[in-house]
Every structure is written in C-alpha cells, then in structure tokens.
Amino acid sequence: MKINVQSVNFTADKDLVVFVNKKVESLEKYHDKIVDGDVFLKVQQTSEKENKVTELKLNIPGHDLMVKKEAKTFEEGINLCADSMKRQLMKIKEKERELQH
C-alpha cells in the first residue's frame with residue numbers, strides 16, 4: 001500500500017513519518033484491498049492544547065474512507081484515527097462477507 005504523508009504548517013520529523021506509516025500499514029490486516037492512504041498532519045493556530053489535527057484517508061475499491069481527529073500530539077491523533085478506521089474497515093469487510101453469502 002502506498003502511503004502519502006503531508007504535513008501542513010510545519011515539517012514532520014522522520015520518526016513521526018515512520019510512526020504514521022507503521023500505524024497505517026497495520027490497518028491492512030483488517031482489509032486486504034486497501035489501494036493507498038493519505039495522511040494530513042496540520043497544526044492549528046489556536047491557544048488550545050489540542051491543536052494537532054490528523055486526517056487519515058484510505059482508498060478501497062468502492063469506498064473512500066476518511067477520519068479526522070484533534071489531539072495534543074500527532075502520535076495520539078494517528079492512534080485515534082487508526083482505531084476509528086479499523087472499526088470502519090471491519091464494518092465494510094463484514095458487509096462484503098454478507099453480500100458473498
């Protein structure tokens with residue numbers, strides 16, 4: 001799976017990009033037909049602590065899945081996105097299985 005990581009308003013360090021890639025790649029065990037993924041990391045200019053916005057978009061044949069989370073750190077944000085995406089992938093997989101039977 002090809003994963004495209006984009007950081008907006010800042011430069012993501014290598015460790016963060018590696019972490020994001022590992023997290024997104026781990027979603028492949030919940031759906032085997034993921035074409036590619038886009039991750040957008042944004043820093044919002046606000047006084048609130050939860051100013052890190054993480055968006056995760058996955059392309060699956062017939063579906064474009066999108067999750068957006070705000071958190072204090074990008075690591076926390078990508079964890080929240082991955083958990084949410086995992087649930088979506090499992091639902092889709094279940095529906096596909098039901099359609100085959």
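## A tour from Lys 42 outward

Select Lys 42: with a relative accessibility of 28%, Lys 42 counts as partly exposed. The label fits because buried means under 20% and exposed means over 50%, with partly exposed in between. Keep in mind that this is a predicted model.

**Stop 1: the whole chain**

Zoom out and show the protein as a cartoon. How many helices and strands are there in the protein? Count 2 helices and 4 strands. Now follow the chain along the sequence. The pattern reads β-α-β-β-β-α. Colour by element if you can. Strand E1 covers 2-8, and helix H1 covers 14-25. Strand E2 takes up 36-43, and strand E3 takes up 52-60. Strand E4 runs over 63-71, and helix H2 runs over 74-100.

Turn the model around. The C-alpha trace spans about 50 × 25 × 20 Å along its principal axes. The protein has 101 residues, and 33% of them are buried.

**Stop 2: Glu 55 and its partners**

Select Glu 55 in strand E3. Is Glu 55 buried or exposed? Glu 55 is buried, because its relative accessibility is 9% and the cut-off for buried is under 20%.

Add Lys 42 and show side chains. Side chains of opposite charge can pair when their charged atoms come close. Glu 55 and Lys 42 form a salt bridge, and their closest N and O atoms are 3.1 Å apart. This pair links distant parts of the chain: Lys 42 sits in strand E2, Glu 55 in strand E3, and 13 residues separate them in sequence. The two side chains are also joined by a polar contact of 3.1 Å.

Now add Lys 68. Lys 68 makes a salt bridge with Glu 55, with 3.8 Å between the closest N and O atoms. Lys 68 is in strand E4 and Glu 55 is in strand E3, so this pair ties together parts that lie 13 residues apart in sequence. Lys 68 itself is exposed, at 52% relative accessible area. Which residues do the shared salt bridges join into one network? Lys 42, Glu 55 and Lys 68.

**Stop 3: a bridge to helix H2**

The whole structure holds 3 salt bridges. For another of them, select Asp 32 and Lys 93. Their closest N and O atoms are 3.1 Å apart. Where do the two partners sit? Asp 32 is in the loop between helix H1 and strand E2, while Lys 93 is in helix H2. They are 61 residues apart, so look for a link between distant parts of the chain. Show the surface around Asp 32. Asp 32 is exposed, since its relative accessibility is 57% and exposed means over 50%.

**Stop 4: a patch of negative charge**

Keep the surface on. Select Glu 48, Glu 50, Glu 70 and Glu 76. These residues gather in a surface patch of negative charge. Click on Glu 50, one of the members. Glu 50 belongs to the loop between strand E2 and strand E3. With 36% relative accessibility, Glu 50 is partly exposed.

**Stop 5: Thr 73, ahead of helix H2**

Move from Glu 76 to Thr 73. What lies 3.0 Å from a polar atom of the Thr 73 side chain? The backbone nitrogen of Glu 76 does. Thr 73 is placed in the loop between strand E4 and helix H2. Thr 73 is partly exposed, with 35% relative accessible area.

Try the distance tool. Pick the C-alpha atoms of Thr 73 and Glu 96. The tool should give 35 Å, for two residues that are 23 apart along the chain.

**Stop 6: Ile 60 and Asn 9**

Go back to strand E3 and select Ile 60. Ile 60 is buried, at a relative accessible area of 4%. Draw another distance, C-alpha to C-alpha, from Ile 60 to Lys 49. The two are 34 Å apart in space and 11 residues apart in sequence.

Finish at Asn 9. Asn 9 is in the loop between strand E1 and helix H1. Asn 9 is exposed, with 59% relative accessible area. Check the backbone angles here. Phi of Asn 9 is near 70°, which is a positive value in a residue other than glycine.

Key: Residues numbered from 1 in each chain as written. Predicted model: local features only at pLDDT ≥ 70, side-chain atom pairs only at ≥ 80, totals over all residues. Heavy atoms only, no water. Patch = residues over 30% accessible without salt bridge, like charges linked within 9 Å, V, L, I, M, F, W, Y side chains within 5 Å. Areas by Shrake-Rupley, 256 points an atom, 1.4 Å probe, with all protein chains shown as cover. Salt bridge = Lys/Arg side-chain N within 4 Å of Asp/Glu carboxyl O. Lys, Arg positive; Asp, Glu negative; His and termini not counted. Charge placed at Lys NZ, Arg CZ, Asp CG, Glu CD. Buried < 20%, exposed > 50% of the residue type's maximum accessible area, 1.4 Å probe, protein only. Polar contact = N/O pair within 3.5 Å; in protein donor to acceptor, adjacent residues only side chain to side chain.
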